[in-house]
Amino acid sequence: MYQTLTFLHSTFRWLVLLSLPYSIFRAYKGYFLNKEFSKTDNSVRHWTATIAHIQLVLGITLYSQSPIIKYFWKNFNEAKESFDLLFFGLIHIFLMLFSIILITIGSAISKRKTTDNEKFKTMLIYFSIALFIIFIGIPWPFSPLANRPYFR
């Protein structure tokens with residue numbers, strides 16, 4: 001189960017990293033070109049948040065099953081000295097939870113705004129900040145924080 005979750009979580013991040021920039025691009029264009037917030041824009045907003053939530057569920061499930069995390073919490077005083085363990089035990093999950101919260105709030109607020117420009121602006125701000133945080137929190141192969149391959 002752990003290997004499957006690792007694979008799904010690692011693979012599904014690419015859907016998040018496709019949908020989020022696409023949403024930001026549409027919000028940017030809509031805001032700066034004063035476009036109408038169409039059904040397509042609303043679907044993109046909705047599906048971006050949905051994809052992020054699926055990734056969150058995969059991540060939390062993986063977090064609860066991970067031997068790395070179990071070791072981290074059982075040996076916290078020792079494990080916190082290892083930055084790799086600290087990254088996966090606390091930093092990664094905190095950054096990702098925070099970014100999903102931003103996506104959720106941005107999606108919900110955007111949905112309730114009355115003008116099209118406000119909807120695009122809200123999506124643009126919240127989704128952009130979330131994407132920035134996600135880029136920091138992903139263990140890229142080149143990351144100085146913790147690294148993993150592009151696909152597991």
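In which helix does Ile101 lie? In this predicted model, Ile101 is placed in helix H5, a helix that comprises residues 83-112 and that recurs in several of the features described below.

The chain as a whole contains six helices and zero strands, and its secondary structure, read along the sequence, accordingly follows the pattern α-α-α-α-α-α. The C-alpha trace spans about 55 × 25 × 25 Å along its principal axes, and of the 152 residues of the chain, 40% count as buried. According to the UniProt record, an unreviewed entry, the annotation "transmembrane region" covers residues 6-25, 46-65, 85-110 and 122-142. Two of these annotated spans may be described in terms of the model. Residues 46-65 are 100% helix and 0% strand, with the end C-alpha atoms lying 29 Å apart, whereas residues 122-142 are 76% helix and 0% strand, with a separation of 32 Å between the end C-alpha atoms.

On the surface, Ile60, Leu97, Ile101 and Ile105 together make a nonpolar patch of about 310 Å². Helix H5 gives the most to this patch, contributing three residues. Ile101, one of the residues that make the patch, has a relative accessibility of 45% and therefore counts as partly exposed, since values between 20% and 50% fall in that class.

Other residues of helix H5 were examined in the same manner. Phe98 also has its place in helix H5, and because its relative accessibility is 38%, Phe98 counts as partly exposed. The C-alpha atom of Phe98 is separated by 21 Å from that of Leu5, a residue 93 positions away along the chain. Ile100, by contrast, which likewise lies in helix H5, has a relative accessibility of 9% and so counts as buried, the limit for this class being under 20%. Between the C-alpha atoms of Ile100 and Thr122, which are 22 residues apart along the chain, the distance is 15 Å.

The largest pocket of the model has a volume of about 620 Å³. Its lining is made up of 29 residues, of which His9, Leu62, Phe88, His92 and Pro139 are the closest to the centre of the pocket. At least two lining residues are supplied by each of helix H1 (2-32), helix H2 (39-65), helix H3 (67-74) and helix H5. Helix H5 is thus represented both in the lining of the largest pocket and in the nonpolar patch.

With respect to charged side chains, the structure holds one salt bridge. This salt bridge is formed by Arg26 with Asp41, and the closest N and O atoms of the pair are 2.7 Å apart. Because Arg26 lies in helix H1 and Asp41 in helix H2, the pair ties together parts of the chain that are 15 residues apart in sequence. The two partners fall into separate accessibility classes: Arg26, at 22% relative accessibility, counts as partly exposed, whereas Asp41, at 6%, counts as buried.

The loop between H1 and H2 was then considered. Asn34 lies in this loop and has a phi near 50°, a positive value in a residue other than glycine. Most residues other than glycine have a negative phi, and most peptide bonds are trans. With a relative accessibility of 60%, Asn34 counts as exposed, because the cut-off for that class is over 50%. Leu33 is found in the loop between H1 and H2 as well, and its relative accessibility of 54% means that Leu33 too counts as exposed. From Leu33 to Ser99, which are 66 residues apart in sequence, the C-alpha to C-alpha distance is 27 Å.

How values were computed:
Residues are numbered from 1 along each chain as its sequence is written. This is a predicted model: local features need pLDDT of at least 70, side-chain atom pairs count only at pLDDT 80 or more; totals for chains, interfaces and linings use all residues. Side-chain values use heavy atoms; hydrogens and water are left out. UniProt positions are given in the numbering used here, feature names are shortened, and annotations may be inferred rather than shown by experiment. Helices (H or I, at least four residues) and strands (E, at least two) are DSSP runs, numbered from the N terminus. Patches are made of residues with over 30% relative accessible area and no salt bridge: like charges are joined within 9 Å, nonpolar side chains (Val, Leu, Ile, Met, Phe, Trp, Tyr) within 5 Å. Accessible areas come from the Shrake-Rupley method with a 1.4 Å probe; for residues, only the protein chains shown count as cover. A salt bridge is a side-chain nitrogen of Lys or Arg within 4 Å of a carboxyl oxygen of Asp or Glu. Buried means under 20% relative accessible area, exposed over 50%, partly exposed in between (1.4 Å probe, protein chains only). On a 1 Å grid over the protein atoms alone, a cavity is a set of points where a 1.4 Å probe fits but cannot get out, and a pocket is an open set with protein on both sides within 12 Å along at least five of seven lines; lining residues have an atom within 4 Å of a point. Grid points are joined across faces, edges and corners, and a volume is the space filled by probe spheres set on the points.
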